[in-house]
Amino acid sequence: MGATEDAASGRPARPGGTAPHSVGSPGTEATTVLPGRIRQRFPIFERLTYVNSCSQGALSEDVRAAYHAYLRDWDEQGAPWEYWVERSEAARGAFARLIGADPDEVAVTTSLSAGVSALFSGLRFEDERTTIVVSDFEFPTVGQIAHAQELRGRRVVHVPEADDATIPLEHFDAAIDEHTALVAVTHVCYRNGSRVDVEGVVRLAHERGALVLLDAYQAAGTIPLDVRPLDVDFLAAGTVKYLLGSAGLAFLYCRSDLVEGIRPTSTGWFADQDIFQMDIHDYSPAATARRFEFGTPPVPNIYAGLAGLELVEEIGVAATEEHVRGLTAQLIDGVDDLGGRIATPRDPDRRGPLVAIAATDEHALVAALEADGVVTSSRDGNLRVSFHGYNSAEDVEVVLAALRRRRALLVPK
Ligand SMILES: Cc1ncc(COP(=O)(O)O)c(C=O)c1O
């Protein structure tokens with residue numbers, strides 16, 4: 001892709017803009033049709049090549065309008081409490097649809113951390129089951145909440161990563177035993193984009209009588225999730241990234257038959273059986289997964305989150321997965337041609353929407369790409385490039401052209 005200068009910004013001009021892709025642009029039908037349908041609803045693409053959904057999804061006109069609607073309703077109606085509650089229930093329903101659950105199995109939370117903390121606070125550990133197994137792909141919050149349980153006499157066992165950026169099932173096999181109460185596993189690792197064999201882990205855990213918590217934050221919106229065939233016991237994610245909402249909204253799924261046996265000690269009045277009873281003399285958690293909630297719902301973020309979830313439904317998660325798979329393959333091939341090292345597994349079944357590229361100085365590389373109008377992020381020595389339905393094959397070409405100019409910052413193969 002030619003890197004002509006954009007006169008206004010001094011940056012290399014980005015091709016594509018907001019228009020649907022022209023015939024002859026790079027990519028197959030799968031990598032052109034989808035962004036053509038929705039890209040114009042994300043104004044950032046008029047200015048930048050945005051490939052950073054692993055940090056935060058791009059802002060759509062729909063989400064912007066939802067925030068305006070929140071302010072309008074506040075202004076016009078004061079505190080439309082019943083409507084807010086209705087919106088909160090709508091969010092519960094949308095999260096449930098996203099993962100194939102029943103709404104009563106879903107808690108609407110302000111962060112993944114909040115839902116997971118409430119869950120851990122209520123887990124019963126029997127005498128012979130005192131261990132929590134966590135994969136080394138976990139986001140800090142899950143690792144830290146697990147280790148906090150050491151204060152309550154629990155033990156934490158880590159499952160190590162192999163040299164090829166995967167965690168093979170044998171590693172889980174060695175860590176899970178008859179003392180394991182819970183296995184915490186992340187679907188797609190935020191550091192390197194590696195995708196765990198969730199079905200395999202669930203099988204091993206259940207064979208040994210342990211429960212499974214899936215952190216699907218880096219997958220939700222780009223990988224179809226269905227809790228019934230996946231057979232996970234708990235699942236948590238949030239709206240900041242591929243669900244196209246904003247900060248301050250997340251959810252926790254808890255399988256219906258497990259809800260009653262878990263009594264969170266981290267709690268609040270929105271977890272009560274009857275919120276409006278206003279009873280300060282007892283603790284009676286809701287009979288549903290609402291028992292994992294805390295206080296006033298994050299109303300503005302629910303407006304935004306619902307708009308994001310509607311977009312995700314409209315785009316279609318399966319279509320997004322297929323589209324994104326084409327883009328990640330295109331990027332990996334291009335980095336290979338540049339002689340760079342890919343830190344994400346090459347097997348398409350072992351990766352999601354995120355490709356990590358080894359950098360000699362990842363912060364300098366992110367800054368250099370930013371100067372070229374390409375928005376990325378980094379973790380752990382790697383540049384992170386992540387795609388959604390709005391990204392195009394041309395975006396990948398822009399990223400590759402920028403990497404070519406900054407080749408000195410790539411770790412050679
Ligand atoms: C995989 C994963 N889990 C958890 C989190 C944190 O979620 P929250 O801040 O909502 O607790 C993130 C956020 O970056 C993440 O990528």
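How many bridges join strand β7 (residues 234-238) to β8? With the predicted model open in the viewer, select both strands to begin: 5 bridges join β7 to β8, and the two strands run antiparallel. Within this pairing, Ala-236 can be picked out as the bridge partner of Leu-252 in β8.

**Strand β8 and its other partner**

Keep β8 (residues 250-254) selected and add strand β2 (residues 106-109), which is joined to β8 by 4 bridges, again in the antiparallel sense. Here Val-108 is the residue to label, since it stands opposite Phe-251 in β8. If the side chains of β8 are now shown, Ala-250, Leu-252 and Cys-254 point one way, while Phe-251 and Tyr-253 point the other way, and all of them are buried. The strand as a whole is accordingly listed as mostly covered, with 5 of its 5 residues buried.

**Strand β9**

Move next to strand β9 (residues 354-358), which is likewise mostly covered, 5 of its 5 residues being buried. On one side of the strand are Leu-354, Ala-356 and Ala-358, on the other Val-355 and Ile-357, and both faces are covered. Adding strand β12 (residues 382-386) brings in the partner of β9, with which β9 pairs in the antiparallel sense over 5 bridges; one place to check this is Ala-358, whose bridge partner in β12 is Asn-382.

**The cavity**

Now display the internal voids: the structure holds 1 cavity of 30 Å³ or more, and the largest cavity has a volume of about 70 Å³. To see what surrounds this cavity, select its lining, which includes Arg-195, Thr-222, Ile-223, Glu-321, Arg-325 and Pro-353. The lining residues of the largest cavity divide into 4 nonpolar, 3 polar and 4 charged.

**The largest pocket**

Turning to the open sites, look for the largest pocket, which has a volume of about 270 Å³. The lining of this pocket is made up of 14 residues, and a view centred on the pocket should show Leu-123, Arg-124, Glu-126, Leu-211 and Leu-258, which lie nearest its centre. Two elements worth colouring are β5 (180-186) and α9 (256-259), each of which supplies at least two residues of the lining. By residue class, this lining divides into 8 nonpolar, 2 polar and 4 charged.

**Aromatic residues**

Select the aromatic side chains next, among which the count comes to 11 aromatic pairs. One of these is formed by Trp-269 and Phe-270, in an edge-to-face arrangement with 4.7 Å centre to centre and 80° between the planes. Where do the two residues stand in terms of exposure, buried or partly exposed? Trp-269 is partly exposed, because its relative accessible area is 37%, whereas Phe-270 counts as buried, because its relative accessibility is 5%. Both residues belong to one aromatic cluster, which also takes in Tyr-70, Trp-74, Trp-81, Tyr-83, Trp-84 and Tyr-303. For a contact of another kind, go to Tyr-217, over whose face Lys-241 lies at 5.3 Å from the ring centre.

**A last stop at helix α13**

Finish by selecting Ala-393, which has its place in helix α13 (residues 393-405). With a relative accessible area of 1%, Ala-393 is buried, because that value is under 20%. A distance line drawn from Ala-393 to Asp-177, C-alpha to C-alpha, should read 45 Å in space, the two residues being 216 residues apart in sequence.

Methods:
Residues numbered from 1 in each chain as written. Heavy atoms only, no water. 1 Å grid on protein atoms, 1.4 Å probe; cavity = no way out; pocket = protein on both sides within 12 Å on 5 of 7 lines; lining within 4 Å. Points joined across faces, edges and corners; volume = space filled by probe spheres on them. Nonpolar A, V, L, I, M, F, W, Y, C, P; charged D, E, K, R; others polar. Phe/Tyr/Trp six-rings, centres within 6.5 Å; stacked < 30°, edge-to-face > 60°. Buried < 20%, exposed > 50% of the residue type's maximum accessible area, 1.4 Å probe, protein only. Lys NZ or Arg CZ within 6 Å of the ring centre and 35° of its normal. Pairing = 2+ DSSP bridges.
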